[in-house]
Structure formats: C-alpha cells, structure tokens
Amino acid sequence: MNQEEALKIMKMGANVFLTGIPGAGKTYILNQYIDFMRRAGLSPSVTASTGIASTHIGGATIHSWSGIGIKKSFSDIDIDKLTQNERLYQRYKNAKILIIDEISMLSASQFEMIDVLAREMRQNDKPFGGIRVILSGDFFQLPPVSRPGDDDRYAFESPVWRELNPVVCYLLGTYRHEDDVLKKILDSIRRRDISQDLRRKLFSKIEEKNWERDNSLKDVTRLYTHNADVDRENEARLGQIKKEEFSYEMKTRGKKHLAESLKKWCLAPENLRLKEGAQVMFVKNDTQKRYVNGTRGMVIGKEGGLPVVKTLSGKKILAEYAEWVFEEDGRVVAQIEQIPLRLAWAITVHKSQGMTLDEAHINLSKSFTPGQGYVGLSRIKSMSGLFLSGLNEEALMVDERAARADRNFLDRSKMASDKIKEMNKNEIKKKIGKFLKEGGGKAPKGKDFSDSAYCSARVKPLETNLSTYDETAKFVKKEYSIKEIAKKRELKEATIISHLEKLKSGGTKDFDIGYMSPGIKADIKEFSKMEKAFKKVGEYKLSPIKKYLDKKGIDNTYNDLRLVRLMLSNRDFKSFKLKDFDKEK
C-alpha cells in the first residue's frame, strides 16, 4: 500500500494499524494525519509507547495519557479509583481519536488495560469505548520490555486486537535505504531466512576496517546495545579535546512532573556540555528544515552565545533553542527548552529508533533481544555506510510470532489497498466528510485541503531505488567535483564516492569521471604510487592493495584507494565489475 491510500483510509474514520519497513514514512504519515484532523477541528489524542517516540509526534506516553502508569494489571479497586478522577474521565469522554505509536513496545496486557478503562469511562462496550484508534509501528523492532513473569505477548496477540479488527495499512517502499544488498539483508531478517551469501556479506564487514588505526573512522557515529558503553565512549572523547568547555541548562515550564517526564524522554541532555571540536547530533526535526533528527556535525564555535555546528555536508548551522511540549486535551501543559544537540560519538540502538544515518559504526556483539540488530542495521542508508565491529547470532533474529503475523498483515493490507482503489474520489470525500461531521468537525478549507486535496493531503512521493545515484549522476554530467557534489547534496564525500562506484559498476555508459582526475591527483599525495600498486597486485579489491602499500610504508586511506580505483576504472571500463564491491574493500 502506498502513503496516499493509507492516509485516505485513516481519514475515513477506520480503526487502523499503520505499519511497514523502517524508513517507509510511518511517522511522516501520522504527522500529516494529525495536522489534517486538527485543521478539521478534531484534535487526536497523540500518544506513543515510549517517551522518545512520543517526542517525534508531539504527544504523551500512552501510559500517562491513559492513566495506567506503570501498573501491570488492574484490580476492581484500581478501576474504581481511576473512574473517580474527573480530569481523566473528561479526557476519555472527549476523546474522538486515539493514536498509539510504537505499538510493538506495548504489551497485550497493557493494551487490554487501556481498553477496559476506556469502556468503563465511556460506558460503551465497543473496543476502546468507541474511540477511533490509530495504531502504528513495526513488530520486527524492539518488543515490549518485560521481566520474568511479565506478560510478553504482543498487542496483536490480544483478543481486544481481534475485536478492534483494525484495517492494516502496510507501507511498501523506503526513503532510507539506497542499497539493494542492505535491503535484501533486512528483508531476509524479517523473513527469518537470511541466506549464507547475505550472512557472509554482513560478517565480512567486521573485518573490513582496523577500527583503532584508521583515523578516517574515528568520528563516525557508534551504536551500542548498552548505555554504559555509550556513556563511556562520549565522556572519553569529550575529555580528549583540550579546549574550553561550555554548557547549556535545560529550561522547564508548566506542570513539574510532566516536565520531568519530558526531560527523560527527549534525547537532548538536561545539561549539554560541549567543546569546539565535539561531534554532535541534532535530536529534533527543524521547522525551518535546516536539519533533521539524526543530522551529524561538529561544533566549530559560538555565535551570540549559541553553538555553531558544521554538518557533514559542510553546512553551518546556528543551533538555537528548541521546544518539546506535553499536551493534554489540545492544551500545552508542560514544556522544556534546550539546544537540540547531544554528543554523537556514540548512541544506543534503542535511542537511534526513528533516525536515519548516512554512516554508523555498530557493535552488535552484545545484542540481547530479538529486533535489536534489525533496528541498528536499518538506521543506515547503504552497506557503504555500515562499519561493523561486532555481531552475534541474536542480532540476526526477530521474533517468530512477529514474522507469522507480518505475513497476515501483508495479505490484509493488500485487500484494503484493492478496496480503496475501487472507490472513486467523491465516495472517499463523502466518507471523510461523514466521519468529520460525526465527530463535530468539518472538512478544512484552504489550498492544501480543498476538494480532492483533503483526500490525500501533502503526501511525500516515494523515491525509486536508484534516485539518489541518479541525482549524483546529474552533477557528474555537469562536471562538479566530489567536494562540490557532497556540498550540493548535503552528504559526506565518502557517500558520494560510493555513488560513483555504484554508477560505474552498474554499467552507466555515458558516465565519465575523467574530468576529476587533476583534482583527485592533487588531493592524494601518493597517487602515482597507489596507481602502480594496483597494477602490481593486479586486481581491484582494496584489502590486498592496502596491505601492499602498508608494507611499503606508503601513507593511504581506504577513501584514497577508492578514488584511485575509480580513476583507473575510467580508463579500463571493461575490467571494472560490480563483484569488486561485493567483497571487502
């Protein structure tokens, strides 16, 4: 199913389970839906199973919104007390639409508790007391956090899920992954059927780099499975910078206990400590679109007391204070302000959910739960951006129950897609209008929501698999340098080199990088010696070339060798094959 179909189904008032592979645009569609409903006069109750996820969609945790808190089960006394809470009662009574994001991390028992409370509060025996429910998430990602004896069932295993019977909107396609090999690996992990060939490709990445010696990798974001490893790495790296430290304290407003929750949920630290030269990551999407959650860079100084960050693409950004808010019933009741940065030499896999990274050094040797490896690997765009230093078998596992359910979700989504295709525009418009009217709203007006536009709204078009390479190829035809292409595309130079390799090995016949030769030779001090090494060793794989040059004492990096190889391939196109990139470089 595509995004437009999913958005139409959601707007028509159906109970929906919105799912799909990482990078398919689930959060984007949720935000579009929320925006539409608010303009129509219906404010959805926006929640998520984790605080981090709730900040991505500007909501609260479902535990806080629903009143279940940290409880694992309800007694009759608990239910009676909660129904006496006037504020909570009004919240349930007034709720028209309830959104629960990252549904995979909400257990079946918690799902059932919310349902019981909603029916009791609203005196309505329909699922969730008749509130329209939008569930979103991917059950292949992190499962509910549980201790021995806790309910480890997924929400979809609950009888309440079956009674709710949500329409499944399974988004196909991805904005994130640009690499066919990586997509095959992730797809095979989802199917619990990773081939030996793909397994070898993944494990070969572990031996590809010497992590301690190769300085070109020292500032690549590192993902770990445990907080202790992340904290140790970031503190050590900040301490190595012999420059003045400056810091920013988080500002809070509104209800104290809710502000405290926001502090824990957002990825920005309460006390942000920085130095010039510190590697940082933006942890929020910018309303001015200067950066997104996951944009990497380095602090290069201060301006007006605020840090200036130079991104990997060379863009300079003044990092100003951002806001995180807690809403109840459409009102902001708590708010925090902080510079939306965190030290980014390292981050946990858990906190990386929702991020897109051009490059990441991932250590999955301590993976301890199904889906953890899958989440980490799915953060990056391509195999060229994956630097793997550890991997265990658990990292390649996803829950068998999730795999079985996923096949069913795909089938049900296909049926829903076929059905929406059979409906004409006027029929869809009438259904949307009827749902809005029943809830006390009306179809929003204006440029974005007039006529058929309010059936689809501003849906982000899906990219084709090679669109990013084609975009790079356009600049090559205009004879831009690698540095210029990287700046224009806001990508790292290493990523552009990967695109050039893909284009060259893919057989693009009018693809000529000969014009780059003078600049590349000038940038690489030992170009002629490296060129001779390729001819001496007699192959295009980089590991043998690097070993040969290291023995000769000739200074080189893998990126230097990749550029030399590209120059040589430009002269001798026939011997340059895609298989040269499938093995170690």
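A polar contact of 2.6 Å links the side chains of Asn-363 and Ser-365; a polar contact is a pair of N or O atoms within 3.5 Å, where within protein one must be able to donate a hydrogen and the other to accept it, and residues adjacent in sequence count only if both atoms are side-chain atoms. This is a predicted model, in which local features need pLDDT of at least 70 and side-chain atom pairs count only at pLDDT 80 or more, while totals for chains, interfaces and linings use all residues. Residues are numbered from 1 along each chain as its sequence is written, and side-chain values use heavy atoms, with hydrogens and water left out.

**Around Asn-363**

Asn-363 belongs to strand β19, residues 360–364. Helices (H or I, at least four residues) and strands (E, at least two) are DSSP runs, numbered from the N terminus. With a relative accessible area of 19%, Asn-363 is buried: buried means under 20% relative accessible area, exposed over 50%, and partly exposed in between, using a 1.4 Å probe and protein chains only. Not counting residues up to four places away in sequence, Asn-363 touches Leu-223, Tyr-224, Thr-225, Ser-389 and Gly-390. Contact here means heavy atoms within 4.5 Å.

**The sheet that holds β19**

Let us step back to the sheet. This open sheet of 4 strands runs in the order β18-β7-β19-β20, with parallel pairing; two strands pair if DSSP finds at least two bridges between them. At the edges are β18 (346–348) and β20 (386–391), each pairing on one side only. From one strand to the next, the twist averages 20°. Strands β19 and β20 pair in the parallel sense over 5 bridges, and Ala-360 stands opposite Leu-386 in β20. Helix α11 (residues 227–239) packs on this sheet, touching β7 (222–224) and β18, and its direction makes about 165° with that of β18. Axes are lines fitted to C-alpha atoms, for helices over the stretch in contact, and angles run from 0 to 180 degrees between N-to-C directions.

**A sheet of 6 strands**

There is also an open sheet of 6 strands, ordered β3-β2-β4-β5-β1-β6, with parallel pairing. Which strands stand at its edges? They are β3 (60–61) and β6 (167–171); each has a single partner strand, so one side of each is left without a neighbour in the sheet. Strands β1 (residues 16–20) and β5 (residues 132–136) pair in the parallel sense over 3 bridges, and Leu-18 has Ser-136 in β5 as its bridge partner. Helix α2 (residues 26–39) packs on the sheet, touching β1, β2 (45–48), β4 (97–101), β5 and β6, and its direction makes about 160° with that of β4.

**Cores and Phe-128**

The largest nonpolar core has 81 residues, and those with the most contacts inside it are Ile-103, Phe-111, Phe-128 and Trp-161. Such a core is a set of buried Ala, Val, Leu, Ile, Met, Phe, Trp, Tyr and Cys residues joined through side-chain atoms within 4.5 Å. Helix α7 (residues 108–122) gives the largest share of this core, 6 residues. A second, separate core of 31 residues includes Ala-6, Ile-29, Val-46 and Leu-436.

Phe-128 sits in the loop between α7 and β5. Its phi is near 55°, a positive value in a residue other than glycine. Leaving aside neighbours within four places in sequence, Phe-128 is in contact with residues including Leu-98, Phe-111, Ile-114 and Val-160.

Here are three loop residues and their accessibility:

| Residue | Loop | Relative accessibility |
|---|---|---|
| Phe-128 | between α7 and β5 | 0%, buried |
| Arg-192 | between α9 and α10 (196–204) | 37%, partly exposed |
| Ile-380 | between α13 (372–377) and β20 | 0%, buried |

Arg-192 has a positive phi, near 60°. Ile-380 and Asp-358 are 22 residues apart in sequence and 5.7 Å apart in space, C-alpha to C-alpha.

**Helix α14**

At 1.5 Å a residue, the 23 residues of helix α14 (residues 400–422) should span 33 Å, and its end C-alpha atoms are 34 Å apart, which agrees. The expected span is 1.5 Å times one less than the number of residues. Asp-399 caps the N-terminal end of α14, with a side-chain oxygen 2.7 Å from the backbone nitrogen of Arg-401. Buried residues of α14 include Ala-402, Asp-406, Phe-409 and Ile-420. Among the elements that cover the buried residues of α14 are α1 (3–11), β1, β6 and α15 (425–438).
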